[in-house]
Amino acid sequence: MFHEYREEITKLKESDNYFHNLFEKHNALDEEIESLVKSHGDEFTIEAKKKEKLKLKDEVFNAIIKYKKENNL
């Protein structure tokens with residue numbers, strides 16, 4: 001996710017616990033969704049988790065952009 005911001009993500013994960021937890025939660029949801037899809041899980045559950053993951057992704061992106069602006073990157 002956001003490979004072009006790899007450096008910023010690394011710095012944020014090291015310096016911001018909230019961001020670190022947010023990023024980890026996004027990755028955990030990604031794995032959970034993958035598992036549900038493979039096991040032919042409930043479609044409503046899968047869709048709800050995808051929406052939650054998308055919200056987290058937006059939050060991660062916004063944090064990256066904020067970090068870049070604050071650090072003039």
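**Three helices and their salt bridges**

Going along the sequence, this protein chain reads α-α-α. That makes three helices and zero strands. Before I go on, please keep in mind that this is a predicted model.

I'll start with the overall dimensions. Along the principal axes, the C-alpha atoms occupy a box of roughly 45 × 20 × 15 Å. The chain has 73 residues, and 27% of them are buried. Its accessible surface is about 5400 Å², with 50% of that belonging to carbon and sulfur atoms.

Next, contacts. Take the contacts with a separation of 6 or more: 60% of these are between residues 24 or more positions apart.

Now to charges. The chain carries 14 positive and 17 negative charges, and the mean positions of the two sets are 3 Å apart.

How many salt bridges does the count come to? The count is nine. I will go through three of them, beginning with one that joins two helices.

That one is between Lys-53 and Asp-30, whose side chains meet at 2.7 Å, N to O. Which parts of the chain does this pair link? Lys-53 sits in helix H3, residues 43-70, and Asp-30 in helix H2, residues 17-38; the two are 23 residues apart, so the bridge links distant parts of the chain. As for exposure, Lys-53 has a relative accessible area of 22%, which makes it partly exposed. Asp-30 is partly exposed too, at 29%.

The second bridge is within helix H3. Here the side chains of Lys-50 and Glu-47 meet, with an N to O distance of 3.9 Å. How far apart are Lys-50 and Glu-47 in helix H3? They are three residues apart, and therefore separated by about one helical turn. Lys-50 is partly exposed, at 40% relative accessible area. Glu-47 is partly exposed as well, with 37% relative accessibility.

The third pair is Glu-70 and Lys-66, again with 3.9 Å from N to O. Both residues lie in helix H3, four residues apart, about one turn of the helix. Are Glu-70 and Lys-66 buried or exposed? Glu-70 has a relative accessibility of 55%, and because the cut-off for exposed is over 50%, it counts as exposed. Lys-66, at 52%, is exposed by that cut-off too.

To recap: the chain has three helices and nine salt bridges. Among them, Lys-53 to Asp-30 links helix H3 with helix H2, while Glu-70 and Lys-66 both lie in helix H3. That is the end of my part.

Technical notes: Residues are numbered from 1 along each chain as its sequence is written. This is a predicted model: local features need pLDDT of at least 70, side-chain atom pairs count only at pLDDT 80 or more; totals for chains, interfaces and linings use all residues. Side-chain values use heavy atoms; hydrogens and water are left out. A salt bridge is a side-chain nitrogen of Lys or Arg within 4 Å of a carboxyl oxygen of Asp or Glu. Buried means under 20% relative accessible area, exposed over 50%, partly exposed in between (1.4 Å probe, protein chains only). Contact means heavy atoms within 4.5 Å. Accessible areas come from the Shrake-Rupley method with a 1.4 Å probe; for residues, only the protein chains shown count as cover. Lys and Arg count as positive and Asp and Glu as negative; His and the chain ends are not counted. The place of a charge is taken as NZ of Lys, CZ of Arg, CG of Asp or CD of Glu.
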